[in-house]
Amino acid sequence: MTTDASARPRTLAEKLWDDHLVVKGENGEPDLIYIDLHLVHEVTSPQAFDGLRTEGRPLRRVDLTIATEDHNTPTLAIDKPIADLTSRTQIETLRRNAEEFGVRLHSLGDAEQGIVHVVGPQLGLTMPGITVVCGDSHTSTHGAFGAMAFGIGTSEVEHVMATQTLPLKPFKTMAINVEGTLRPGVTAKDIILAVIAKIGTGGGQGYVLEYRGSAIRALSMEGRMTICNMSIEAGARAGMVAPDETTFAYVQGKPHAPQGQDWDDAVAYWRTLPTDEGAVFDAEVFIDADELEPFVTWGTNPGQGVSLSSSVPDPADIADPNQRSAAERALEYMDLTPGTPLKDVKVDAVFMGSCTNSRIEDLRAFASIIKGKQKAEGVRVMVVPGSARVRLEAEAEGLDKVITDFGAEWRFAGCSMCLGMNPDQLAPGERCASTSNRNFEGRQGKGGRTHLVSPLVAAATAIRGTLSSPSDLTEEA
Amino acid sequence: MEKFTTHTGIAAPLKRSNVDTDQIIPAVFLKRVTKTGFDDALFHAWRQDPEFVLNQPSFQGASVLVAGPDFGTGSSREHAVWALRDYGFKVVLSPRFADIFRGNSGKQGLLAATVDEADIERIWALIDEDPGREITVDLEARTATIGGFQTAIGIDDYTRWRLLEGLDDIGLTLRNEDKIAQFEARRESWRPRTLPVP
Ligand code: SF4
């Protein structure tokens, strides 16, 4: 760091960039940025390992690399061979590659196996002040710790494996200021759905988003991860929250957290990271937390969301012709009629899981609503913990019992119905309230219809069988 | 990577905005472990429809895709680029691309270049006039030309240079290996390590 750089007020993102600069690009070339942590899973890695092999290149830093199986893993009968041949091949390929290149791998059946974005934080590998990449767009999740974390393509995966660096152009910065206090029943998921509805699925393109303000400060690490996770749905490569006492408390004591002098050094550095007074963002957005209500998407992109208490919007009211026709097509796919109160929309399934909302706190929130109740008849409710460790924790707290007594399925860890690469899929035409992050056409199974919601809304919906918020339950009682 | 200077081929109009990566290649095809052979997966759901543009006889062999805004949104899957490339596309033109998709394209020698929305519509109209018409994309001159109409294409200098030279990323970076080693020597000891397993 030069004195010049430290004299000018900088944002959190700029500080991390400066501190990871290996080579400053000249004449329009990108900068070369060092990568502290590389997370690997079975879907986007085989071609990268293949590339290393073809070129005869070693994996430069196995001690900064970790792999887990998540996208394809079954969530039932995990002790049996995977039935789907291509899924099995992909997983077996990862196992062979990890063995050959010396990469640490957490396989199905291992206590640390799970969705890569749940595993990194729970092991204490994700921490403030580092750069994290993974061949997965939801790597933005790790930004919740005040890390610079973003998804990369398979060529970049190979690049990081070979060099532990990435050539990157600096991002622009956008402040998302969320001030105020959330009402009861309103969660981090509702904040981020509201942000995306406001700025659009392309609104964050080229930016790193920094979530700021009193409502963000008040969130737990789980809540911050939910928000950063969906930054990509606003088109941003990364989302971040400045590290604070909440962050340090979460990291401390985790298996890979720094210890002794290292811990003190780390915390001293981490305290210097928050955006300086007077630093300028390239763009700013303001959200009033007091005004937020539980949110739900009605369409086929995460920006097509509204308050759950409102009605299916009428495309005729949308001025932009592109957005209007997108809305028309979305409503046709979703089989929804403009003007229908969203709370009248019946669902066939509820999916509680995914790297957005499958941590222990999410499961607790879900369980707190369904406890002692019965799921609505005919609704299939699937609960999939984010990692094997989360599953064990939940079972130690008795949450599994609450979930099965409710009539829901309690599954093994993985991505599951978030993207339907394993057998957990919607049938054509089925409608699902899902705590995941993408409601694209066919995302949860061909012809499946997805409404993105928070764990609390998922729980209330599972009880009533129609899109509902927890307040609808108390009104009934 | 092959050098890209100029390309002439049939232009296929994809008159949709927000073409996300799940539409370009559904997740079910991501299970494959090879880097080629994804041509059958491209736009898999849409291709079931006989009316879909790529199913029309005039657009057989198309190699330039002319799409609406926000092409390639969604996941980081590079398979989207492989599928386009394996199908035979050399160029995608759109008013706006998702960042990761555009980055992935440059690395695979697929030219993802921006064209003004009004000009995209103009190109669509010219294709409608004479379906199967060829377009010439000149990376050196940064132009696209079709039926006497010429427009500028947008691409950043660095990606353009690499495409023109056919340069591979890793080889470029490894020219700085000494700098990487120096950086590693000064990294703080609190930074995370995955090995040894505690
Ligand atoms: S849970 Fe869904 S979004 Fe998250 S990594 Fe898995 S597939 Fe991707």
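The side chains of A:Glu233 and A:His138 are joined by a polar contact of 2.6 Å. Bear in mind as you browse that this is a predicted model. From that pair, the tour below moves on to the nonpolar cores, a helix crossing in chain A and a well-covered helix in chain B.

**Around A:Glu233**

- You will find A:Glu233 in the loop of chain A that runs between α9 (221-229) and β11 (238-240).
- Its relative accessible area is 3%, and because buried means under 20%, A:Glu233 counts as buried.
- Beyond residues up to four places away in sequence, A:Glu233 touches A:His138, its polar partner, along with A:Ile196, A:Thr201, A:Pro302, A:Asn437, A:Arg438 and A:Phe440.

**Nonpolar cores**

- In soluble globular proteins, nonpolar side chains tend to be buried together.
- The largest nonpolar core here has 93 residues, and the members that touch the most others are A:Met148, A:Phe150, A:Tyr211 and A:Trp270.
- Helix α7 of chain A (residues 188-199) is the biggest contributor to this core, giving eight residues.
- Apart from this core lies another one, of 57 residues, which includes B:Ile24, B:Phe89, B:Trp124 and B:Ile155.
- For a closer look at one of the well-connected members, take A:Tyr211: setting aside neighbours within four places in sequence, its contacts are A:Ile176, A:Ile192, A:Ile216, A:Ile227, A:Cys228, A:Ser231, A:Gly239, A:Met240 and A:Val241.

**A helix crossing in chain A**

- Helices α3 (residues 46-55) and α4 (residues 85-101) of chain A have axes that come within 10 Å and cross at roughly 40°.
- That angle falls between the roughly parallel range, under 35 degrees, and the roughly perpendicular one, 65 to 115, so α3(A) and α4(A) are oblique to each other.
- The crossing of α3(A) past α4(A) is left-handed.
- On the α3(A) side, the contact is made by A:Pro46, A:Phe49, A:Leu52 and A:Arg53, while α4(A) supplies A:Thr93, A:Leu94, A:Asn97, A:Glu100 and A:Phe101.

**A covered helix in chain B**

- Helix α2 of chain B (residues 79-87) is mostly covered, with seven of its nine residues buried.
- The buried residues of α2(B) are B:His79, B:Ala80, B:Val81, B:Trp82, B:Ala83, B:Leu84 and B:Tyr87.
- Both chains help to cover them: the elements include α3 and α6 (154-163) of chain A, plus α1 (21-24), β2 (64-67), β3 (91-94) and α3 (99-108) of chain B.
- Right after α2(B) comes B:Gly88, which has a positive phi, near 120°.

Note on methods. Residues numbered from 1 in each chain as written. Chains lettered and ligands numbered in written order. Predicted model: local features only at pLDDT ≥ 70, side-chain atom pairs only at ≥ 80, totals over all residues. Heavy atoms only, no water. Helix = DSSP H or I, 4+ residues; strand = E, 2+ residues; numbered from the N terminus. Buried < 20%, exposed > 50% of the residue type's maximum accessible area, 1.4 Å probe, protein only. Polar contact = N/O pair within 3.5 Å; in protein donor to acceptor, adjacent residues only side chain to side chain. Contact = heavy atoms within 4.5 Å. Core = buried A, V, L, I, M, F, W, Y, C linked by side-chain atoms within 4.5 Å. Axes fitted to C-alpha atoms, helices over the stretch in contact; angles between N-to-C directions. Parallel < 35°, antiparallel > 145°, perpendicular 65-115°, else oblique. Left-handed = near helix turned anticlockwise from the far one by under 90°.
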